[in-house]
Amino acid sequence: MTGGQRVSSFLHPPCPLAEAARQGLRAGLEALAPIGRDPGTGGYWRFSWTPEDQRLRAWFAARAEASGMAHEQDGNGNLWAWWGDPAAGGAIATGSHLDSVPGGGPYDGPLGVVSGFVALDLLRARGVPPARPLAVVAWCEEEGGRFGVACLGSRLATGAIDPDQARALTDPGGLTLARAMREAGADPGRLGPDPERLGHLAAFVELHVEQGRGLGQAVGVGSAIWPHGRWRMGFQGTADHAGTTRLPDRHDPMLPLAQVVLATRSAAASHQALGTVGRVVVEPNATNGVAGKVSAWLDARAPDQGRLNATVEVIRQVASRAAAEHGVGLDFEQESFTPRVELDAGLRRRARQVLGGVPEVETGAGHDAAVLASALPTAMLFVRNPTGVSHSPAEAAGEDDCVAGVLALAGLLEDLSR
Ligand code: HGY
Ligand code: MN
Ligand code: MN
């Protein structure tokens with residue numbers, strides 16, 4: 001063992017609990033598999049405060065009860081399952097999210113929640129009651145797939161977004177978050193900072209499927225999360241007849257959009273950043289009509305703030321020039337932003353000691369662990385994704401690697417709960 005290493009017995013193959021881990025993972029992922037799944041594409045459509053979300057919440061409650069854990073839904077819609085009395089403080093929480101992007105994959109989020117429950121079951125099977133309370137958490141609307149703000153539940157809990165602003169967020173159909181919550185039987189008046197629950201926590205550890213191709217072995221430890229944000233670009237032109245409106249007379253918002261999409265790619269490439277326009281709403285979206293309005297969303301990320309700012313600024317300037325060139329109005333508004341987060345150095349060290357020589361992974365993917373880092377020490381474990389593809393039905397994770405992830409999580413939680 002290298003200096004300071006105390007590799008967990010969970011990591012000493014063959015771990016007698018590995019089969020229990022495998023069965024627990026299978027049971028959890030299979031129970032979730034049909035919820036919100038498009039039978040045609042295999043993609044997942046799981047958005048907060050929808051019927052699919054209600055089924056996910058019901059699964060979480062039943063899963064907690066199956067493990068003899070008390071469970072609750074906080075005012076922000078986040079789900080908590082407790083082993084031990086939270087009021088004792090110093091709790092170690094693990095978990096992730098259950099919602100998906102439109103057409104998402106089966107592991108992004110759920111793997112962390114299922115693995116959290118299974119890891120605690122393994123500790124319980126050891127018969128050693130933890131010296132601290134332990135919790136499994138499912139954060140609400142992590143993807144922002146319905147209301148547009150990523151990590152909404154953890155941002156609300158940490159006070160990173162104003163509750164009134166959140167209540168007014170609308171989904172693509174124009175329904176506000178407040179209305180959607182009420183229709184789902186939740187009280188939007190309870191949205192807001194949750195210092196009491198976060199005050200119970202000493203650390204949060206999130207296990208997540210890798211969303212890239214950087215992990216050369218089953219499990220890795222997160223080191224940092226890139227700064228990233230989302231900007232809404234609104235191009236206001238003039239709807240008109242496709243067959244009678246002369247080209248010089250048009251104010252066509254599709255043209256500045258086209259220029260911005262290409263500029264997004266070139267600006268990102270020249271700043272070693274990532275820029276994506278993956279969502280566009282065209283109004284009125286008629287085949288034989290010049291568009292009236294185009295809304296498009298920019299997702300931009302970079303290893304550091306300077307490169308991110310420079311990338312977005314280039315794109316903003318192109319949008320402004322192109323809109324003016326075509327007599328189109330422009331509004332360019334930041335919808336959410338997360339600064340670069342270095343995950344907790346002490347937790348990373350503990351993870352490396354407990355897990356042995358696992359690689360560290362920096363990621364451009366956003367996670368609740370990054371948002372929560374403003375309130376408490378957080379860590380991430382990543383499980384290899386052989387395809388590297390995510391936010392797609394092609395997202396994958398081998399069962400052996402997922403078992404290794406659960407054993408690693410159990411080992412780390414056991415170490416932290418001492
Ligand atoms: O967008 C992200 O990086 C994350 O999946 N919410
Ligand atoms: Mn995701
Ligand atoms: Mn995720």
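This report covers the metal site, ligand 1, two helices, two strand residues and the cysteines of a predicted model.

## Basis of the model

The model is predicted: local features need pLDDT of at least 70, side-chain atom pairs count only at pLDDT 80 or more, and totals for chains, interfaces and linings use all residues. Residues are numbered from 1 along each chain as its sequence is written, chains are lettered from A and ligands numbered from 1 in the order in which they are written, and side-chain values use heavy atoms, with hydrogens and water left out.

## The two manganese ions

Start with the manganese ion (ligand 3). Its protein donors are H97 (NE2), D108 (OD) and H208 (NE2), at 2.1 to 2.2 Å. Donors are N, O and S atoms within 2.8 Å of the metal (3.2 Å for Na, K and Ca); water is not among the atoms, so sites may look incomplete. Along the chain the donors of ligand 3 follow the spacing H-x10-D-x99-H. H97 lies in strand β3 (residues 91–97) and D108 in the loop between β3 and α3, so this pair ties together parts that are 11 residues apart in sequence. Helices (H or I, at least four residues) and strands (E, at least two) are DSSP runs, numbered from the N terminus.

The manganese ion (ligand 2) takes D108 (OD), E143 (OE) and H391 (NE2) as protein donors, at 2.0 to 2.2 Å. The pair D108 and H391 links distant parts of the chain, 283 residues apart. H391 sits in the loop between β15 (378–383) and α12 (399–416). The spacing of the ligand 2 donors is D-x34-E-x247-H. The two manganese ions are 3.4 Å apart, and D108 coordinates both. D108 is buried, with a relative accessible area of 5%. H391 is partly exposed, at 40%. Buried means under 20% relative accessible area, exposed over 50%, and partly exposed in between (1.4 Å probe, protein chains only).

## Around ligand 1

Ligand 1 is surrounded by E142, E143, R301, A365, G366 and H391. The cut-off for being near is a heavy atom within 4 Å. R301 places a side-chain N or O atom 2.6 Å from an oxygen atom of ligand 1. For H391 the corresponding distance to an oxygen atom of the ligand is 2.9 Å. E143 has a polar side-chain atom 3.0 Å from a nitrogen atom of ligand 1.

## Helices α2 and α8

Helix α2 (residues 51–66) has 16 residues. Its end C-alpha atoms are 23 Å apart, close to the 22 Å expected at 1.5 Å a residue. The expected span is 1.5 Å times one less than the number of residues. Its buried residues are D53, L56, R57, W59, F60, A61, R63 and A64. Their cover includes α1 (18–32), β1 (70–73), β2 (79–83), α3 (110–126) and β4 (134–139). Just after α2, G68 takes a positive phi of about 70°.

Helix α8 (residues 254–270) has 17 residues, and its 24 Å span agrees with the expected 24 Å. P256, L257, V260, A263, T264, A267 and A268 are buried in α8. An α-helix has 3.6 residues a turn, so residues three or four places apart point the same way. Cover for the buried residues of α8 includes β7 (228–236), β9 (274–283), β11 (293–301) and α9 (305–325). Q272 follows α8 with a positive phi, near 50°.

## Two strand residues

S96 is in strand β3. It is buried, at 0% relative accessible area. Leaving aside neighbours within four places in sequence, its contacts include G109, V137, W139, H208 and D368. Contact means heavy atoms within 4.5 Å.

D240 is in strand β8 (residues 240–241). It is partly exposed, at 36% relative accessibility. Residues up to four places away aside, D240 touches T245, N288, G289 and V290. Its side chain makes a polar contact with the side chain of T245 at 3.0 Å. A polar contact is a pair of N or O atoms within 3.5 Å; within protein, one must be able to donate a hydrogen and the other to accept it, and residues adjacent in sequence count only if both atoms are side-chain atoms.

## Cysteines

The structure holds 0 disulfides. A disulfide is a pair of cysteine sulfur atoms within 2.5 Å. For C151, the nearest cysteine sulfur is that of C140, 11 Å away. C151 is buried, at 4% relative accessible area. For C402, the nearest is that of C15, 16 Å away. C402 is also buried, at 3%.
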